[in-house]
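This report covers backbone outliers, one helix, the nonpolar cores and a sheet. Inspect the entry below, then read on.

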Amino acid sequence: MNSDTLMPFATITIGEIVDVLLVAILVYTAIAWLRRTRAAFVVRGILILGAAYMLVRYLDLQMTAWIFQAFFAVFVVMIVVIFQEELRQMFERIAVWSFTRQPVPTATSATADVLVRTLADLARDHIGALVVIAGKDPIDRHITGGIALNGRLSVPLLRSIFDTHSPGHDGAALIEQDQLTRFAAHLPLSKDLAQTAYVGTRHSAALGLAELCDALCLVVSEERGSISVARNGRLRQLDGSQELGAAIQAFLNERFPAKASGSLRLGLLRENWLTKAVSVCLAIALWYLFVPGSKLVQVNYKVPVTVENLPANLQIEAIDPPLVSATFSAPLRTFYLFDRKKIRISADVAMAELGRRTFTLSDKDLHFPKELTLQEFSPTSVRISVKVAPQANPPNRG
């Protein structure tokens, strides 16, 4: 193995650097996506299985490795079945990103003020309400029913919709681009019992939609007179109208940020820097595994010579030479966690007699993992000196 193979970073090209950066972006996107979905535990289980498979291969447990290989044969189908909803969301986001050049804010500060004032009044009067502020993700397929309105948002309009005598007060009001586009809509209910065990149907519906898209869902509890917010699969209760305004403004700033200046770009680099650093490291590891790791290399090992079928009355005195040089070829990644002790060569000395004898070695005498291909080995013969073994209990001469 030459020095370039040992240190592939010394010969990395501009194209490969771009390749690593693109993969790092994809990895970072996947990590951010997993953190806001319920798929994180499933992925953690898959990673544990992958680590177990590597350990099984390292220990050369052939039957267990065969079971793992049978499992991974249908792995792609399992991924599609398990993550069908998440994959649909991902493709929707790709479509939205590709067709949306200049994102239009879903609500302005004036609309945020209207929401804060109205929801605070409803909470004080213990009137239930559910308001959805749409983000960048399409939400039409998650919402059923409702009445189209497309009216400009105002305090009287919002209060009239959630008036207890209104036929649509139990549904959700949808806000898009400063417009109240629909009311009396039905949202999907969450199945997260840990967060919805002690809340009502409105909270469950808000959390259910927040698990499926990037919308911000605001809930007013009719029983407690409190305001809660559901976002990114998390439901939390707010402490007053000030925190409500801050939550709405943070949502608008994140989903529809203003044009970035130099300082903001630097802030983007500092934001989630640990996750970004992990993504870059994973991308480099994947590149090292699949790009240089897939190249065919030749590696030479010094293998100690052992003996087989030694007669019981003889013992080894010397082996010349004691080591055999063997050269193997395989993809570079085969040697990453390779245990060189798995390679051994043995000489059959069943016909050995007292004195120095020469024994011929063949390919059949060299034992090595099947992932390797033997290129050559030398020498093909060794001289082995044997002598009579001392007796354990010498005869009594008395």
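## Positive phi at two asparagines

Asn309 sits in the loop between strand S8 (296-308) and S9. Helices (H or I, at least four residues) and strands (E, at least two) are DSSP runs, numbered from the N terminus. Asn309 is not a glycine, yet its phi is positive, at about 60°.

Asn150 also has a positive phi, near 55°, and is a residue other than glycine. Asn150 belongs to strand S2 (residues 144-152). Asn150 is exposed, with a relative accessible area of 53%. Cut-offs for that area: buried is under 20%, exposed over 50%, partly exposed in between (1.4 Å probe, protein chains only).

## Model and conventions

This is a predicted model: local features need pLDDT of at least 70, side-chain atom pairs count only at pLDDT 80 or more, and totals for chains, interfaces and linings use all residues. Residues are numbered from 1 along each chain as its sequence is written, and side-chain values use heavy atoms, with hydrogens and water left out.

## Cis peptide bonds

Asp320 and Pro321 are joined by a cis peptide bond, with omega about -5°. Pro321 lies in the loop between strand S9 (314-320) and strand S10 (323-331).

Ser378 and Pro379 are likewise joined by a cis peptide bond; omega is about -5°. Pro379 lies in the loop between strand S14 (373-378) and strand S15 (381-388).

## Helix H11

Helix H11 (residues 241-255) has 15 residues and should span 21 Å at 1.5 Å a residue. The expected span is 1.5 Å times one less than the number of residues. The end C-alpha atoms of H11 are 21 Å apart, which agrees.

Which residues of H11 are buried? They are Leu244, Ala247, Ile248, Phe251, Leu252 and Arg255. Seen down the axis, these buried residues fall within an arc of 130°, so they line one face of the helix. The arc is that of the directions from the helix axis to the C-beta atoms.

## Nonpolar cores

In soluble globular proteins, nonpolar side chains tend to be buried together. A nonpolar core here is a set of buried Ala, Val, Leu, Ile, Met, Phe, Trp, Tyr and Cys residues joined through side-chain atoms within 4.5 Å. The largest has 31 residues. Leu115, Leu119, Phe162, Leu218, Leu244 and Ile248 touch the most other members. Elements giving two or more residues to this core include helix H7 (109-124), helix H8 (155-161), strand S5 (216-220) and H11. H7 gives the most, with seven residues.

Leu244 touches Leu115, Val116, Leu119, Leu218, Ile227 and Leu238, not counting residues up to four places away in sequence. Contact means heavy atoms within 4.5 Å. Apart from the largest core lies another, of 25 residues, among them Val299, Val303, Ile345 and Val349.

## The five-stranded sheet

What is the strand order of the open sheet? Its five strands run S13-S11-S8-S10-S14, with mixed pairing. Two strands pair if DSSP finds at least two bridges between them. Strand S13 (366-367) and S14 are the edge strands, and each pairs on one side only.

S8 and strand S11 (residues 344-348) run parallel and are joined by four bridges. Val305 has Ile345 of S11 as its bridge partner. Thr306 has Ser346 of S11. S11 and S13 pair in the antiparallel sense, over two bridges. There, Ile345 stands opposite Leu366 in S13. Ile345 thus links these topics: it is also among the residues of the 25-residue core.
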